Each structure stands twice: as structure tokens, then as C-alpha cells.
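Got your viewer open? Let's take a short walk through this one, one selection at a time.

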Amino acid sequence: MRATLSQWSIPMLAGLLLVTVPGCSKKSVQSGGDTQSSQAGMGKGAPGSGGAGDLSGPIGSGGAAGGGVSSNFPDTSLAGRDGSGGLRGLDKNPGEERVNGGTMMAKLDPSQGGRQMDEIRSEQAAADAAGLRDVFFGYDSFAISEEGRLALSRDAEWIKANPGSQLKIEGHCDERGTSAYNLVLGEKRAKSARNYLVELGVSANRLGVVSYGKERPFCKDHSEACYAQNRRGHVVVKSGK
Amino acid sequence: MTFRMTFRTWCLGGCVVLAGLIGIIESRATDVFLEATRPDFQKIPLGVIGIQNTSGPEWLGGRLEEVLKADIRRSLVFSLVDLPSIGIKVRDVGTGPHPAFKQAKENGVSVLVWGKAGAKDGSKDADVSMDGFVYDGESDEIVGGKRYVGSSSVVRLMAHRFADELVFRYTGEPGIARTKIAYVSEQGSARELFVMDYDGYEPRQLTSDGFLNLMPRWSPDRRFLVFTAYRNRNTQDIDMIELATGKRWTIVSLPGLNITPALSPDGNFLAFASSHEGNSELYKLDTRTKAMQRMTTHASGDLSPSWAPSGRELAFASDRSGGPQIFLMSADGTNVRRLTFEGDYNAAPAWSPRGNWIAYVCRTPKKEYKLCLITPDGQKRVQLTAGPGVEDSPSWSPDGRHLVFSSTIDGKSQLYMINADGKDLERVTFTGAHNSAPAWSPAS
């Protein structure tokens, strides 16, 4: 008898859950055949194409999946796991078990890295050329300060004077706080800035927002001076798609 | 297959940790009190005689022994006995009844482990083998062993597998030595997903799109990761990647934020936060019917869902009370109640696989971001880490005895492991300028 890693990765957690948490994992389970077919379908859902690619379209709460949700969802339900984690127990006359590495992880397939960074640099350059100013925020805050209003007023003038332009406001945070909450806070900051620009008469449909939380800091030191630089609504001229 | 579910076994998982934590809460004194309330005799004393190298690469036996001992120590099921200190010579291994057995028994050592390793018999390829044996003091016999073969690149895995067999033999649980940790590592100005062994070895890069891939979570069957990804500089999605093939695709791409995905313990639902209806709210996607249900309705941000192991409840973070706090709700979105009241910033909840604790990031009165634990009934709360460093992203080991998290305690963000009682802080990443967002895999 031989056991491979791929084999013992299959019957695993359900049993652990059964041991530790009686009463769960009673959901219906799809057959292995379904797993195969949904996996086969996944190949079509390459990143950024097909599957969930449509960003627009209304998604009703509680309704069936709309444009924003992929139909390529594999069967992730737990099925037929015995809780041994593929372990066979000690044996007085142990048979040989083959141990394989690497069956769990694919070799990396390098793709088009770097293009987004190039685009970001070109958007930055366009913003610099336009003289756009960023708005800075206090600790924990997404309120626009007096200084921020001034910066955004000047941005608004440029935007109105350049009616063909599309703008984007990136919300950024300092490294303190959780990655997840900083994404929400970054969005609040970006939307604060956008809302103020709209108040100043800029059309909302010319203003995109994206939050980067604490994931793309302008400054990487662990100091308040650096943190203040990173709590920012970064206003850039949007280029391309 | 035998396994014994004794009180001692149960106690190792639950009550030792619990007792230690209650100790902290009630006393606020730390180490001294912990030592007194968490007597190590409740762990099973185990001695590793040695892994004898018979042939093959010179480092083989030593490597196996080193990995095995580290696994045994981290299991928290066994206490590793220093055999020379009780007169048992390490590496002095026999196959039949051995003088060491009597000595071990007399010194209260419950389990003795030894083995041999070498080039696989008669094999022309570079395969190596490991034979491990286990003497059980209670039954006073060699209860069995294992024989593993494989290439020399899987030597660590052989030791991990043997360690898990030992844990399984004595607790009925599969152990954590073969678990993995997914995480995010900075590559230039990008952040890419990686997976490594639970002890920090064998890191493997999973994504290489040159942009931002954040906060991975495992599918319960360990075949997939779901994560927060940026399709491009304007659009942010929830993606899924299959580990075995590297295939990756987008599963949620609503307008605005699509963040913090978490698959339910049975794998049938994906909870996540999305701001497509204005502000960040929680949604639940049925992975079979693709029906989506909105779970929260509030004018403020709701995010970071974490499933209870029962699948019947979720913890999440919400700033509906001002700063972020931890809330609980039923899996249908009803019965929302606030869990944390101490401090003005509590986020990133992680429900323990044993159900008895929720770990989270808490901001102290000194504005430090540390790890805290709270019981789901809110009755007990304890701060797990202290001192400098911004902590983030706690994630439980599947046995509920450890947490992995990120911290800037050494400067740049790196990953650390800590016991659920606050002991044995151990750094697990040493390469890379910035490692973050660890997610511990389910048990294999």
C-alpha cells in the first residue's frame, strides 16, 4: 500500500470538525463527478476575463447571482472525510508509505507583472503635470480638513477647466490598524474627497475611487511624519482602462 | 486503528489553555501565574532517543530528528523530555526490548521514539527512507512504527508526518505538523500570495501578477485560497486560486470594495464584504446555487466575517459604534450583537476552530495594536501580546492551540506564532522585506 500526499489531502477536515464540533457538516454534498466538471470549467475563468468579468449590472439582494458573481465556483463542500487526516496509525509491521512533496502546489506561471505599476506611474505623471493636490487626513479620520478643502478646491478648478479628463481618488492609510479595516477607511477617505469635489460642482461620473488601505504606502518608515504622508486621498488623472 | 480519548487528552486541548487564560484575566500577572496554573505534567512526557543515520546523506538522521523534535514541542500535546538528563543515551537505539524502556518508565517518560534513516534499500534513485518506532510506557511495549520513503526533498515532510501520527495516536486528532500557512509577501512594489509549511520552511510563491493580492483564506478542503485582489489599479475583486494547478479566477467583482472573503466550515457559503450598495456590508454567497444574501444593513462599515466552527454564527468587525468593534450574528444575518466594549479599536476577528475564543486586533490605551482573545459570550477577555510592534491578522492553527499573526516588532512586518496562552512566541518568516496576512490551513 502506498499513500501519496495528494491522497491524504483528501479525507481531512470534516472528521476533525466532527471530532471537535458535533453538529456541523451536515450539508448535502456533491459527487466527485461534479467536482471534476466544475474544475474543468475553471480554466475558462482566467483572471480578469470571463466568469465574473462584468462589473456593471444590478445585483439584487437575495436574488440569484448577477454580473458581479462568478458562475465558476468549484465544489468546496466537504465530503467523505474520515478525520484521520490521511494518517494510518502506527503499525507493528509498518508498510512502506511514499511521501511526495509538491503535489499540493502548482509551479508558478509568471504572467504580465508590472503593467499596473507602469500605468500607475503614468497616471502619477499626468497628475503632477496638472498640478493636482492630495488631501491628507488625521489619525482614524476621514474628515476633510480646512487644508484639504483648499487642495480639493484647486483640484476642482483644474478638473472643470479640463472637461475631457477622468479623475481617480485613491484612498490610503498608515500602517497602524488592520489591513482589512484600512481598506474600508481608505474607501471612506476617497469618497469624502470625491463628495467634496462633487459639492464644488464636479460631475460625480468623472470621479472614480479606489482604496489601497495600507497596502501601497508612500512612505515606509514607522514614524508619525511618515504616517501623516500615508493618510491620504491621492488625486490622479485616470489613464486608459 | 486505536486512539484514546481520555480526560487527559481533552484537557490538553481545552482546559490547559483555558486555565492559563483565566489566570491572566484574574491576576494580570503573567508568566509566574501561568506556570503555576498550567502544570506541564498534563502534557505527555515523550523522549526522542534519536534517528540513527545508516546510509545516505550524512545530514539525514539529524535533520529528521531536529524537525521531529520541533514538531513534538509545538504540538503542545507532548513535553519533550531531555533524555541524557535521566541517563538515557541518545542515539543508542536497539530494536527489541531495551534498557532505556525501564529507565524511561521509572522516570515517568510515557513515550519513547526512535528511528533510523538512510538511502532506500537497493534503490538506484536518490530516494531515502525513515523508519520510526514508538515505545509506550503505559502498555510497556513497542506499540508500532512507520516506514516512509521519498526523495530527499521531502525529508522534513516525513518527520512532520511521523509527528502527526504521534499526535493522532495519543489524541485522536491529526496534528498540525503538516499544516501550511498562506500569506502575503512584498515583491518589489507588489504583494503576492505565498504558502509555506507551518514552521516557516518551504515557502512557495502562488501569484505573480505584479500587483496587490491580499488577505488569503483557505477552503476547508485545503484545495483553494480565496483572497482580496486587485484586477488592476482601478478595480478590486475577490479571487480564488487552486493550489494544485495554479489556476486563478475572479469570483466576486461587484463595484467598489470586495474584501475579506471567508468560506464557511462546510465549504458551502462564502461570506465577504462589499461596498457595491454604498458602504461596506456583509454578504453571503451560496457556492452551489450562487444566490447572494445581504447579511448586514447599516450605514457604517461591516467587514472581516469569521465563521464559528459550527457554521451557525459569524463574528465580524463594524464601525457602527464609532471606531471598529467586534460583533456577532447568526449565519442568516439576525441576532446582531456587539461583543467587544473595551477600547476604541477592535478588528480582524478570528473564531477559534474549537469555538471557545475569538482572537482579534485590539488597540490598547497607549494606541498599540496588539492581539486579544475574548470568549463568544464576552465574559472573558485577555490581551495576548504586549510591547512595541503593530500586530495584525491573527489566524488560528486547526488544533486551536496556536495563532499566527503579523507584527512589526522587529521593524518590518514579519510573521510570528504564539500559543493561545501567550507563551512560546516564535518568528516564522525570515526572508522577504514585508510579510503579512497569514492564514493557517485546516488540518490535512
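Start by selecting chain A and colouring by secondary structure: from the N terminus on, its elements run α-α-α-β-α-β-α-β-α-β-α-β. That comes to seven helices and five strands, where helices (H or I, at least four residues) and strands (E, at least two) are DSSP runs numbered from the N terminus. What you're looking at is a predicted model, where local features need pLDDT of at least 70, side-chain atom pairs count only at pLDDT 80 or more, and totals for chains, interfaces and linings use all residues. Residues are numbered from 1 along each chain as its sequence is written, while chains are lettered from A and ligands numbered from 1 in the order in which they are written.

Next, hop to chain B and pick residues 60-75, helix H4. H4(B) has 16 residues and reaches 22 Å from its first C-alpha to its last. Just after H4(B), click Leu76(B), which takes a positive phi of about 60°.

Now add residues 155-171 of chain B, helix H6. How do the two axes cross? They come within 8 Å and cross at roughly 40° (axes are lines fitted to C-alpha atoms, for helices over the stretch in contact, and angles run from 0 to 180 degrees between N-to-C directions). H4(B) and H6(B) are therefore oblique to each other (under 35 degrees is roughly parallel, over 145 roughly antiparallel, 65 to 115 roughly perpendicular, and the rest oblique).

Finally, show side chains where they meet: Leu64(B) and Val67(B) are among those in H4(B), with Phe162(B) and Leu166(B) among those in H6(B).

Conventions:
Two residues are in contact if their C-beta atoms, placed from the backbone, lie within 7 Å. The expected span of a helix is 1.5 Å times one less than its number of residues.
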